[in-house]
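Student: I'd like a close look at a single part of this model, taken slowly, and then a sense of how that part sits in the rest. Pick a stretch that gives us something to talk about, please.

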Amino acid sequence: MGLGEATQLFTLSVSMLVGCFLAGMVPLSMTLNEGNLQLMSSLGAGLLVGTALAVIIPEGVAILLSHTTHQTIDPVSGLEISDHSHDDHLESSAVGVALTCGFTFMLLVDQIGGAHGHSHSLPNGDGGSIGKKSISTIIGLVVHAAADGIALGAATLTDKADVEFIIFLAIMLHKAPAAFGLTSFLLHEGADRQTVRKVLVLFSLAAPVMALFTYFSLSTMSGGLSEFSTGWVMLFSAGTFLYVSTVHVLPEISSEAASPSDKVITLDQDIQLNSSRIKWANLLALCCGTFLPVLLNLSHHH
């Protein structure tokens with residue numbers, strides 16, 4: 001565990017906390033243009049997909065490969081050769097298990113939270129205190145945010161600044177609209193401003209705290225176990241990213257048009273449509289977000 005790694009993670013965590021909190025404060029002070037918010041949400045959704053597929057999964061697999069590769073000395077040439085034969089099955093199984101566990105974990109969080117994690121009907125405006133459904137929604141969103149922090153904490157141990165930055169960017173562009181949506185939802189539910197701020201602080205703290213917890217937990221493990229655990233945790237977080245992007249984001253942006261009476265407000269502000277097709281600007285932002293991690297990775301390697 002290096003002091004530089006910990007300092008960098010702490011800096012990113014504080015930035016994530018402040019950025020998320022400020023985004024959530026916007027509905028308390030001004031009205032944000034919905035079109036611009038949807039563009040940012042599209043970009044963030046694309047980044048989640050691209051980061052999971054092009055950054056986290058390859059990095060996690062590479063770490064597991066390095067853990068299961070055995071170096072032996074050729075008795076004839078005296079050169080080191082890599083032997084993958086011992087743990088190939090274990091390695092490939094670990095990849096599938098980690099991804100499946102991450103995906104299933106988020107599914108269970110949604111179901112335990114009442115499956116209200118990302119969309120709600122607009123209330124009738126009667127006001128009043130936050131109900132049980134709203135509390136379960138808040139808990140679900142906090143767990144969602146904490147799961148995102150796992151990826152950043154594990155990425156810090158890879159000692160690759162570009163990987164860490166891409167994951168940080170994906171989380172920020174996803175969580176800023178989520179914080180905005182959470183605050184808007186609570187105001188619609190009739191919560192007072194002090195309660196909204198408290199919930200927003202809790203939501204904003206979730207990812208940074210989990211990132212730091214993941215980093216220090218993995219850092220305390222011994223060499224081989226630490227390597228394997230880091231790779232496994234990264235793949236687990238990729239599964240959570242894929243769940244959020246495929247189950248919440250992509251279906252919503254490609255769904256059929258809803259009538260005004262059926263209009264929903266999404267806590268991640270994942271794009272609401274007035275037609276059955278995605279707006280070209282949103283589609284372009286989604287595609288750009290998907291390929292951005294790929295381009296950043298390619299530019300780094302070259």
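Tutor: Before we zoom in, a word on naming: helices here are DSSP runs of at least four residues (H or I), strands are E runs of at least two, and both are numbered from the N terminus. Keep in mind, too, that this is a predicted model.

Let's take the loop between H4 and H5 and the two helices on either side. For orientation, the protein has 8 helices and 4 strands, and their order from the N terminus is α-α-β-β-α-β-α-α-α-α-β-α.

Start in the loop itself, at Asp159, which sits between H4 and H5. The oddity there is in the backbone: Asp159 isn't a glycine, yet its phi is positive, about 60 degrees. That catches the eye because most residues other than glycine have a negative phi. With a relative accessible area of 61%, Asp159 counts as exposed, because the cut-off for that class is over 50%.

Now go one loop residue along, to Lys160. Its side chain forms a salt bridge with that of Glu59, at 2.9 Å from N to O. This pair ties together distant parts of the chain: Glu59 belongs to helix H2 (residues 34–68), Lys160 to the loop between helix H4 (132–156) and helix H5 (161–188), and 101 residues separate them. What about exposure at the two ends of this bridge? Glu59 is buried, at 12% relative accessibility, whereas Lys160, at 34%, is partly exposed. Buried means under 20%, so Glu59 falls inside that class and Lys160 does not.

The structure holds 2 salt bridges, and another one brings us to the helices themselves. Here the side chains of Lys175 and Asp148 meet, with 3.2 Å from N to O. Again the partners come from distant parts of the chain, with Lys175 in helix H5 and Asp148 in helix H4, 27 residues apart. So the two helices flanking our loop are also linked by a side-chain pair. Both Lys175 and Asp148 are buried; for Lys175 the relative accessibility is 5%.

Who else surrounds Lys175? Setting aside residues up to four places away in sequence, Lys175 touches Cys20, His144, Ala145, Asp148 and Phe203. There's a long-range neighbour to mention as well: the C-alpha atoms of Lys175 and Phe21 are 9.7 Å apart, although their positions lie 154 residues apart along the chain.

Back in helix H4, have a look at Gly153. Its relative accessible area is 0%, so Gly153 is buried. Beyond its neighbours within four places in sequence, Gly153 is in contact with Leu9, Ala211, Thr214 and Tyr215. The C-alpha of Gly153 is also 7.4 Å from that of Phe213, which is 60 residues away in sequence.

One more residue of this stretch shows up from the outside. Ala147 is among the contacts of Thr240, along with Gly102, Phe103 and Met106, again leaving out residues up to four places away in sequence. Thr240 is placed in helix H7 (residues 223–253) and is buried, at 2% relative accessibility. A polar atom of the Thr240 side chain also lies 2.6 Å from the backbone oxygen of Ser237.

Step back and compare this with the whole chain. Of the protein's contacts with a separation of 6 or more, 81% are between residues 24 or more positions apart. Buried residues account for 47% of the 302 residues. The accessible surface is about 14,400 Å², and carbon and sulfur atoms supply 66% of that.

For a contrast with the buried spots above, turn to helix H1 (residues 3–29), where Val18 is found. Val18 is partly exposed, at 41%, and together with Phe10, Val14 and Leu22 makes a nonpolar surface patch of about 360 Å² accessible area.

What about disulfides? There are 0 in the structure. Take Cys288: the closest cysteine sulfur, in Cys287, is 7.1 Å from its own, which is too far for a bond, because a disulfide needs the two sulfur atoms within 2.5 Å. Cys288 is partly exposed, at 43%.

Key
Residues are numbered from 1 along each chain as its sequence is written. This is a predicted model: local features need pLDDT of at least 70, side-chain atom pairs count only at pLDDT 80 or more; totals for chains, interfaces and linings use all residues. Side-chain values use heavy atoms; hydrogens and water are left out. Buried means under 20% relative accessible area, exposed over 50%, partly exposed in between (1.4 Å probe, protein chains only). Patches are made of residues with over 30% relative accessible area and no salt bridge: like charges are joined within 9 Å, nonpolar side chains (Val, Leu, Ile, Met, Phe, Trp, Tyr) within 5 Å. Accessible areas come from the Shrake-Rupley method with a 1.4 Å probe; for residues, only the protein chains shown count as cover. A salt bridge is a side-chain nitrogen of Lys or Arg within 4 Å of a carboxyl oxygen of Asp or Glu. A polar contact is a pair of N or O atoms within 3.5 Å; within protein, one must be able to donate a hydrogen and the other to accept it, and residues adjacent in sequence count only if both atoms are side-chain atoms. Contact means heavy atoms within 4.5 Å.
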